[in-house]
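Work through the exercises below with the sequence and the 3D view open. Try each task before reading its solution.

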Amino acid sequence: MEGWVPPLSRFPIDIFFTPKEEGDVNFNLICNVKKKAQPLTLNVKAEGYTMNAEVKCKDRTGLVTLLTPNQTTIVSFYEVELNECVQCEFNFINTGKFNFSFQTELSGPKALLQYIGFSPTDGSVDVGQSTQAFLSFQPFKKCVLKGLELRIKISHGPTFMCSIAGCAMSPAIHFSFTSYNFGTCFTYQAGMPPYKQLLVITNKEETSVSIDCLYTNTTHLEVNFRVDVIKPGKTLEIPITFYPRESISYCEVIPFEINGLSQQVVEIKGKGTEMKISVLDPANRVVKLGAVLPGQVVKKTVSIMNSSLTQLTFSQSVLFSVPELQEPKVITLIPFHNISLKPREVCELEVTFAPKKRVPPFSEEVYMDCMGLLRPLFLLSGCCQALEISLDQEHIPFGPVVYQTQATRRILMLNTGDVGARFKWDVRNFEPHFSISPEEGYITAGMEVSFEVTYHPTEVGKESLYKNLLCFIQGGSPLNLTLCGTCVGPPAVKEVVNFSCQVRSKHTQTILLSNRTNQTWNLHPIFEGEHWEGPEFITLEPHKQNKPYEITYKPRTMNLENRKHQGTLFFPLPDGTGWLYSLLGTSELPKAVASIYREVPCKTPYTELLPVTNWLNKSQRFRVIVEMQKPEKPDLTVTLKGLDYIDVLSGSKKDYKLNFFSHKEGLYSAKVIFRNEVTNEFLYYMVSFRVIPSGILKTIEMVSPVRQSTSTSIKVENPLPYSVTFSTECRMPDISLPSQFVVPANSEGIFSFEFQPLRSGETFGRLTMHNNDLGYYLYELNLKALPALPEKPIHFQTVLGSGQTVFAKFTNYTRQRTEYSCKTDCPDFHTEKVINAAPGAQGGTEVSVEVYFEPSHLGETKGILILSSLSGGEYIIPLFGMALPPKPQGPFLIRAGCSIIIPFKNVFSHMVTFSFTVENPAFSVRAVDSVRPKKINNIAVYFEGNPSGSKTPITSKLIVACPPGQGSESAIKWVYYLKGITP
């Protein structure tokens, strides 16, 4: 409280004020300074105050609690769902005069502190302001809050203590199932009812619960739910729809979020399979009920099998397109509804056909109706043949008809049944104002008969109404017809309208109509005359002037005897009057439908199709007339014709076949007329044909072996009334044909020719026939000569060492002197190298060739003699030679003391060494041992005489043999008998 201040300096003094209570303070501080007469005085003013802070807590129920300093306040979260974040709001209020700050601290078990949070943990509050902070609780597991405290410290102020209570629990939500298996289901197709299952969720809580589905729908599974709130004790139904698209197994997991906090998973399984049902016997795929009569009953049985992998329940369904089949009990299918088949189970379906009246031929599909789908099962076909005759209209209103005139209407009787019948009208009931034609007749099945009903009134102003006019049908119910008409006086003709056009074309004229009243007229024009038409209705507005109305003239027939078509057009007016227009039409001859130009080869049939159109609503028969325009004179070498008549159905088109044929070149034109002989109406075509050269008419193939003859023939038609002569030409040397041939008048001739080839191979040529009236006929020849067959074989037989000559004969067909070369393929046969053959006659000339056979071995020898010439071809003659073992020769007489020469030839084809031996020593031999092939060796044999000196002849044998080692030739021996004579 004291101190020292140096001279000329300052000294700081700190003043501390600690108020004991609230309020203002004002006091003086006195400082005594030594040697200063007056003390220093410092007036101090201050204000004491306290921190006036309020803390309020608002829990989740909305209850507000004021916290008391230095006391513990319980803050309860009550029951909190898992994952739910619940907050208690703390409000800091500054009711004092100065700002303050605060700090918070949480304490307790760490396991629980992770779920608790306070934000912000510190802050400041200005005077008169408030600040919010939040205590939050978000449990992830079930727990109970115990031992948790919140400490709030106000700066320079009080401290508040809070004890935190509450618990965490899962919501009491019940799912009707958490796993569901749809089993085996048919693959989904448009129109099928889907497979559905309801998932029921029940809220057993005392508060409302929010449910959210987190599953994203797929093409095979759909959950029709997103977000909803379930009140306490209530349930929520969620449809789950299964759409199997393929034959596979499916497994999906559907997560549901509860209150946005927790999840519940539902597992869905299923399997897809194809829907398959089949008829056991493929022949029953079409059930033929046949053609029956009314009253007959036909029953058929069809066996079907469920080829699916699961049970199939279906009904039969058939949508009859024929009205007669839609009547009850005509076709009955048993069983029809709720047919259940297990996999591979077979069911027999019975079909009953019991018609009571005619049913036209039908072909109706029976379907399997399963789960909204229609699958074809089998086809029903059949008919019921009966009588069915009707009129195209049963009531004919003639309307107003002028006195002393008559109106005609046409009706048709249609036979849509299967049999014909006679008909007859009760004409007495038509009199006196009506008549009908024809009155009786016969109508065949599928045809129609046209009737003309005429109204000829006799009294002006009288209305005629005839009901139930009967037409009696043989074997059937009668037909009814009602006629009505009114007789009126003739109105004055307002205007005559003239028309002119070609038949079956049209001409349109316009008339002008005016309405001078103040009312709208809706007029219904009435035409008399089948050739005119116009709009059925026309509206004339009030005070409408010159409104056009178009009248169209469409003549379907030509004017007869220059009489124009006549008709009227009558406009009945609302005031009871009318406008009458006289219509006159000139129908000119038709133009050609088309002008046709064609280029056609001569001698080639050609067919031109001419479309013929029927412009009427009934069948027409046309007589066909062909009028030649060029040339003017008839040409019998040209044919232009077709059928004499052609029938064309109503409103349709049919092609007429016009056949054209010309024997020679030229230009031909014709007019082809199609005329209805009943109405004389016709249409026509102009047809022109330019005939060009035909070229090759036909390719003729001929096949024959060489030197053998084959023939063929050609048919040639002569359409002329006199005989014609054809000249022929063919430059093929192997073809033989007459130079001319004659075809009688109006007949067909046959021209024959022959093919005899001399050399093998294939050649091509042309045959031409010509007549001045019928032109040229060209034919292509394709000639094939097959190699010649061998000639007759020649046989030889001689002994080995000798030879035989035979003459081979063949026929020469050439027309000139020919030189043939000759050769053989075997050296044992010998012939001339060249021979000359004289020219052949018509049937050929026989030629001989000398052939010499000299065998070179024992047994059979085969060879071929080949004779060939450029013009005569080649001949092959087989040669067969037989060599027999050598025969003994002799005896050879030898005088004593003399010798003889015996010629011996080596017939072999190689050099051979022979041995020469005699049995009697009175004979001696001298010869060369080795002999060249085909050479002659002279054997000298010497006889000494009889050793006994007598004159008795001595006999012996000379044996010529091949020594051993010469193969098969070693066994061959030649024996010569010797006889020695002693004079």
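**Exercise 1. Along strand β47 (residues 565-572), which side chains point to one face and are buried, and which point to the other and are not?**

Solution. Start with the ground rules. This is a predicted model, where local features need pLDDT of at least 70, side-chain atom pairs count only at pLDDT 80 or more, and totals for chains, interfaces and linings use all residues. Residues are numbered from 1 along each chain as its sequence is written, and side-chain values use heavy atoms, with hydrogens and water left out.

Step 1. Find the strand. Strands (E, at least two residues) and helices (H or I, at least four) are DSSP runs, numbered from the N terminus.

Step 2. Recall the rule. In a regular strand the side chains alternate between the two faces of the sheet.

Step 3. Sort the residues. His565, Gly567, Leu569 and Phe571 share one face and are buried. Gln566, Thr568, Phe570 and Pro572 point to the other face and are not buried. Buried means under 20% relative accessible area, exposed over 50%, and partly exposed in between (1.4 Å probe, protein chains only).

**Exercise 2. Find the strands that pair with β47.**

Solution. Two strands pair if DSSP finds at least two bridges between them.

Step 1. Strand β43 (residues 526-528) pairs with β47 in the antiparallel sense, over three bridges. Here Ile526 stands opposite Phe570 of β47.

Step 2. Strand β48 (residues 578-588) also runs antiparallel to β47, and eight bridges join the two. Gln566 has Leu584 of β48 as its bridge partner.

**Exercise 3. Describe the surroundings of Ser317.**

Solution. Step 1. Place the residue: Ser317 sits in strand β25 (residues 312-318).

Step 2. Check accessibility. Ser317 has a relative accessible area of 13%, so the residue is buried.

Step 3. List contacts (heavy atoms within 4.5 Å). Leaving out residues up to four places away in sequence, Ser317 touches Phe336, Glu365, Val366, Tyr367, Asp369 and Leu374.

Step 4. Compare with Ser208. The two serines, Ser317 and Ser208, are 109 residues apart in sequence and 50 Å apart in space, C-alpha to C-alpha.

**Exercise 4. How many salt bridges does a search of the whole structure find?**

Solution. A salt bridge is a side-chain nitrogen of Lys or Arg within 4 Å of a carboxyl oxygen of Asp or Glu. The search finds 17. Now take some of them in turn.

Step 1. Glu681 bridges to Arg504, with the closest N and O atoms 3.6 Å apart. The pair links distant parts of the chain: Glu681 is in the loop between β55 (666-675) and β56 (682-692), Arg504 in the loop between β40 (493-502) and β41 (507-515), 177 residues apart. Glu681 is buried at 2% relative accessible area. Arg504 is partly exposed at 27%.

Step 2. Glu677 and Arg623 meet at 3.2 Å, N to O. Glu677 lies in the loop between β55 and β56 and Arg623 in strand β51 (residues 620-630), so the pair ties together parts 54 residues apart in sequence. Glu677 is partly exposed at 43%, and Arg623 is partly exposed at 31%.

Step 3. Glu791 and Arg707 form a salt bridge at 3.5 Å, N to O. Glu791 is partly exposed at 23%, whereas Arg707 is buried at 8%.

Step 4. Look for a network. Salt bridges with shared partners join Arg358, Glu388 and Asp418 into one.
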